[in-house]
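Biologist: Could you take me on a close look at one part of this model, the place where two helices of one chain pack together, and then connect that part to its surroundings? I would be glad of a full answer, with the residues named.

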Number of protein chains: 2
Amino acid sequence: MKDKSELISYDDIVAAQQIIKNRLHRTPLVESSYLGGLAGVKLFFKLELFQKTGSFKPRGVFNKLHTLDDKEKQKGVISLSAGNHAQSLAWAASQSNIKSTIVMPDTAAESKVKATIGYGGKVVPVKGNLLDTCLTIQKEQDLIMIHPFDDPLIIAGQGTIGIEIIEDLPDVNMVIAGIGGGGLIAGISSAIKAKKPVVKIIGVEPDGASAMNQSLKRGEPVHLKTTNTIADGLAAPFAGHHTLAHVKEHVDQVVTISDDEILIAMRLIFERCKVTAEPAAAATLAALLSGKINIPKKSKVVCVLSGGNVDMARLKTLL
Amino acid sequence: MKDKSELISYDDIVAAQQIIKNRLHRTPLVESSYLGGLAGVKLFFKLELFQKTGSFKPRGVFNKLHTLDDKEKQKGVISLSAGNHAQSLAWAASQSNIKSTIVMPDTAAESKVKATIGYGGKVVPVKGNLLDTCLTIQKEQDLIMIHPFDDPLIIAGQGTIGIEIIEDLPDVNMVIAGIGGGGLIAGISSAIKAKKPVVKIIGVEPDGASAMNQSLKRGEPVHLKTTNTIADGLAAPFAGHHTLAHVKEHVDQVVTISDDEILIAMRLIFERCKVTAEPAAAATLAALLSGKINIPKKSKVVCVLSGGNVDMARLKTLL
């Protein structure tokens, strides 16, 4: 990566693939003919909820941690997250004997806090602005910041999903992925457009947390004052500088959907596919079923099920 | 198959594989390092809950239906089942334009009855003995009986799971599968012992429905007066003549476990693996964690997750 503003290349993603390949799962792609039938397409789910720690996040984190030198590793790392990034950073750092500190909202699900601690992370619960607290601790303790999404190395790591999709379904026509901060779709779209520019890449945001959509309209990263969605994995209150640049270049459409649409999709996936898609993951099916995407019949569509981390107590109320 | 009492051969299973291969999913095998760690082994799940209709059952059914001649297909088929076989028969028969009738207990889960009807099956709800009613209707209407498990063609179809396991994990040391009537384990063990006789095959039954265990002790198929388990998929009240013969020949051990052990395993799979294993499927992990299986550390173990059909309302009470 020569320049921070430069888009990542396919080679960056291949390099990431080499780094993660013996540490993480190569997740399966499975077809659901019933749910595909509802949308008139051939539908495949990329099961990132089977990834280590229950989401796609460790792909990027491992790729980033790999670039730290021994001195940096010795210092330890810090980040901010309400859930999936927290767990993946704590776990991946432990794998490399790196200490990790994660600033989490004091409202974070108990199971996610417990899992983060269980993986060896130090959790700092915070009311209010996570980023301010995170940067303060980082400076005070001289830690290395691992951004949850706005980093070319994180983006390249998430891009490995795109390589796997093309390997498993070479004639894919469309890929749908959720957008929180945008790291996932920035990576996937970079991989796929490099090899198959004709494949449509569709992003999905909840109505109540559409920072990327607003950033695209504004032409610069927008920070939301509040977010309101059941999809905590898509509730990042801002788009990144790097992620916005990739989305502008590679993503064909960003649709927004309601929480009700997400819940319906979540139940459908649960009942028909026997997997626990967290709301952020189910949002991709919700987008497909929303009628907002223009898609020829019988197209081959991949919905990325980005994670499956839902509290059991919460799940009972959602289903 | 020359003789009804003969054990099925590896070639019978390969033939079944050819018949089902473009109609059914080749299900993934995924590792769970966390759950494996609990048992001190390398643990893989064979995800038959991703199979069409949500369980392994259509493998055998398709293989059986394929042997019917046009006249038999014209007559239509009949069977008895509380759930997974019902759904798979209704679905597979519809695929071949065959009419199906399924005798189900009047206590069967509403979702399973609805799914069976949705797949095109005619459901006859019955209080009491399913088999008597099934045989009466079969004679009256001159239908073709498709036994849920005790048929060499059904067994050969289920055996295709064994071929897939060996292909995906050639150095597997042990396979654990549930036993209802015994069709699943009869097939899998036949496939695996033919190619890798050193691989241990372990069967699992609930304490409250241990017909196979009792049949092994008695040396002949035992009929239970009642069964009592949350694992409806393992609650067949009798072992089959054919299935018992295969289990005697190929299965190394049959362990019985409690419903409480099944529930703990079900929750673990749900939380850690993000899949909805029905109780009959979770029983395999329960057996692994029960301490009743003698297994060297770091062995490669496959637990077959046979199905994922649980009512959402029921699931909420189980989790």
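**A helix pair and its surroundings**

Modeller: Happy to. In chain A, helix α8 (residues 152–168) and helix α9 (residues 183–195) have axes that come within 6 Å and cross at roughly 50°. That angle makes α8(A) oblique to α9(A). Please keep in mind throughout that this is a predicted model. As for handedness, α8(A) passes α9(A) in a right-handed crossing.

Now the residues. From α8(A), the contact takes A:Ile154, A:Ile155, A:Ala156, A:Gly157, A:Gln158, A:Gly159, A:Ile161, A:Gly162, A:Ile163, A:Ile165 and A:Ile166. Facing them in α9(A) are A:Gly183, A:Leu184, A:Ala186, A:Gly187, A:Ile188, A:Ser190, A:Ala191, A:Ile192 and A:Lys195. Sorted by class, this contact holds 12 nonpolar, seven polar and one charged residues.

Helix α8(A) has another helix to meet as well. Helix α3 (residues 58–65) of chain A packs with α8(A) at an angle of about 135°, and their axes are 7 Å apart. α3(A) and α8(A) are therefore oblique to each other, and their crossing is right-handed. On the α3(A) side the contact is made by A:Arg59, A:Gly60, A:Val61, A:Phe62, A:Asn63 and A:Lys64. On the α8(A) side it is made by A:Leu153, A:Ile154, A:Ile155, A:Ala156, A:Gly157, A:Gln158, A:Thr160 and A:Ile161. The classes here come to seven nonpolar, five polar and two charged. If you compare the two contacts, A:Ile154, A:Ile155, A:Ala156, A:Gly157, A:Gln158 and A:Ile161 of α8(A) take part in the one with α9(A) and also in the one with α3(A).

The domain division puts this helix in context. Chain A is divided into domain 1 (10–56 + 151–318) and domain 2 (58–145). The C-alpha centres of these two domains of chain A lie 23 Å apart. Their contact takes 26 residues from domain 1 of chain A and 18 residues from domain 2 of chain A. On the domain 1 side, the elements giving two or more residues are α1 (10–20) and α8 of chain A. The largest share of that side, eight residues, comes from α8(A). By class, the domain 1 side divides into 10 nonpolar, 10 polar and six charged residues.

Moving on to domain 2 of chain A, which spans 58–145, let us turn to its strands. Four strands of chain A form an open sheet in the order β5-β4-β3-β6, with parallel pairing. β5 (122–126) and β6 (144–145) of chain A are the edge strands, each pairing on one side only. Strand β4 (residues 100–105) of chain A pairs with β5(A) in the parallel sense over five bridges; in β5(A), A:Pro125 is the bridge partner of A:Met104. Across β3 (77–80) and β4 of chain A lies helix α5 (residues 84–95) of chain A, running at about 170° to β4(A).

Chain B offers a sheet with another layout. There, an open sheet of six strands follows the order β1-β2-β10-β7-β8-β9, and its pairing is mixed. Its edge strands are β1 (29–31) and β9 (253–257) of chain B, each of which pairs on one side only. On average, neighbouring strands of this sheet are turned by 25° against each other, direction ignored. β1(B) pairs with strand β2 (residues 42–47) of chain B in the antiparallel sense over three bridges, and B:Val30 has B:Phe45 in β2(B) as its bridge partner.

For a contrast with the oblique pairs, look at another helix contact in chain B. Helix α12 (residues 259–273) and helix α13 (residues 279–289) of chain B pack at an angle of about 100°, with axes 7 Å apart. That makes α12(B) roughly perpendicular to α13(B). B:Glu261, B:Ile262, B:Ile264, B:Ala265, B:Met266, B:Leu268 and B:Ile269 in α12(B) meet B:Pro279, B:Ala282, B:Ala283, B:Leu285, B:Ala286 and B:Leu289 in α13(B). The residues of this contact are 12 nonpolar, no polar and one charged.

Last comes the contact between the chains, which takes 14 residues from chain A and 14 residues from chain B. On the chain A side, α12 (259–273) and α14 (312–318) of chain A are the elements that give two or more residues. That side divides into eight nonpolar, three polar and three charged residues.

Notes. Residues numbered from 1 in each chain as written. Chains lettered and ligands numbered in written order. Predicted model: local features only at pLDDT ≥ 70, side-chain atom pairs only at ≥ 80, totals over all residues. Contact = placed C-beta atoms within 7 Å. Nonpolar A, V, L, I, M, F, W, Y, C, P; charged D, E, K, R; others polar. Axes fitted to C-alpha atoms, helices over the stretch in contact; angles between N-to-C directions. Parallel < 35°, antiparallel > 145°, perpendicular 65-115°, else oblique. Pairing = 2+ DSSP bridges. Left-handed = near helix turned anticlockwise from the far one by under 90°. Domains from an automatic or database assignment.
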